[in-house]
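Please open the model in your viewer and keep a selection panel at hand. The tour moves through two helix pairs, one after the other.

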Amino acid sequence: MPLFGQWLQLASLLLAASLLLGCGPQPQAINIDGSSTVGPITKAIAEKFREIDPVVHITVGVSGSGGGFKKLIAGEITICNASRPIKASETAQLQAKGIEVVEIEVAYDGLAVVVHPESRINKLTVAQLKELWKTGSTIKKWSNLDPAFGDAEIDLYGPGTDSGTFDYFTEAVVGESGDSRSDYTANENDNALVNGVAGNPSSLGYFGLAYFKENASRLKLVAIDNGDGEAILPSEKTVTSGQYKPLSRPLYIYVRKDALAHPQVASFVRFYLDNASDLVKEVGYVRLSDEALEANKAKVVSAASAARTTADAKTAAVNH
């Protein structure tokens, strides 16, 4: 069946389920938490969804991707925003609790390496970033990286260890997720990192590209050379094409599969994908390709149908 037909079929099933569940208990909220990078997309989607369904209560918190997965494992949330793929250890913990999740890509993002606008730093190699950020790094001054950079001490700003951005950056640049020096100013709030770099002429930091776009007049992007001699700045074109490597990445939401049996949750996730292409650009990210978008919609159709079938079977068994 064509995907559009599957989408309509899912909508019909959800309407029927809604009528059947009308006299039963309804969920008080769709609770969402996790990545500060994905948070702005989800908040924008939630605000628009409330316009068509003002009854549903949606909360969107920010505790970093790792923090969101912890809450998903604990059964505290329905959806986890994530700026990195789920780890094998997190999947194992979910399985131990009997929780299945559906991984859904919602956008692409590039990690921005930034300095103060007055900085003389215009480009860095991945090798230089590794020397600067790896565990046990002895780089204290810009001149330790390159004498041409000057002798000022480097003040570093970056996300905390619960952040998916931290996990992604350390794996992409240093070679192992979590491998990072600890003597830097860490914060899960990207706006705090923006303020730190913007207020310090000898600073360097990293966070999602969207936060740079919001503060472009206060910061300067650093072009990244992956080792082939060409320094690339992150943009919609270089992120989508993969030219900005290794710091371009997909962004995700992870949804409890059993929650998709409920009409409000399934409708929200469907609405998310229907509207993400427009809203991700508004908040500074890069939309999925048409092929990727259709693949993720198909995944939701399949998962929601399976969840509804499982829920109906459990209800029938109880009533038998």
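Helix 2 and helix 11 are oblique to each other, because their angle falls in none of the ranges that count as roughly parallel, roughly antiparallel or roughly perpendicular. To see this in the predicted model, select residues 39–52 for helix 2 and residues 263–282 for helix 11, which pack at an angle of about 120° with their axes 9 Å apart. Turn the view so that one helix lies over the other, and the crossing of helix 2 past helix 11 is right-handed.

Next, show the side chains where the two meet: on helix 2 select I41, T42, A44, I45, A46, K48, F49 and I52, and on helix 11 select Q264, S267, F268, F271, Y272, N275, A276, L279 and V280. Coloured by residue class, this contact of helix 2 with helix 11 divides into twelve nonpolar residues, four polar ones and one charged.

Now move to the second pair by selecting residues 64–73, which form helix 3, and residues 88–96, which form helix 4. Their axes are 9 Å apart, and the helices pack at an angle of about 15°; since angles under 35 degrees count as roughly parallel, helix 3 is therefore roughly parallel to helix 4. Here the crossing of helix 3 past helix 4 is left-handed.

Which residues make this contact? On helix 3, select G66, F69, L72 and I73, and on helix 4 add E90, Q93 and L94. By class, the residues of the contact of helix 3 with helix 4 are four nonpolar, two polar and one charged.

Technical notes
Residues are numbered from 1 along each chain as its sequence is written. This is a predicted model: local features need pLDDT of at least 70, side-chain atom pairs count only at pLDDT 80 or more; totals for chains, interfaces and linings use all residues. Side-chain values use heavy atoms; hydrogens and water are left out. Axes are lines fitted to C-alpha atoms, for helices over the stretch in contact, and angles run from 0 to 180 degrees between N-to-C directions. Helices (H or I, at least four residues) and strands (E, at least two) are DSSP runs, numbered from the N terminus. Angles under 35 degrees count as roughly parallel, over 145 as roughly antiparallel, 65 to 115 as roughly perpendicular and the rest as oblique. A crossing is left-handed if the near helix is turned anticlockwise from the far one by less than a right angle, and right-handed if clockwise. Contact means heavy atoms within 4.5 Å. Ala, Val, Leu, Ile, Met, Phe, Trp, Tyr, Cys and Pro count as nonpolar, Asp, Glu, Lys and Arg as charged, and the others, Gly among them, as polar.
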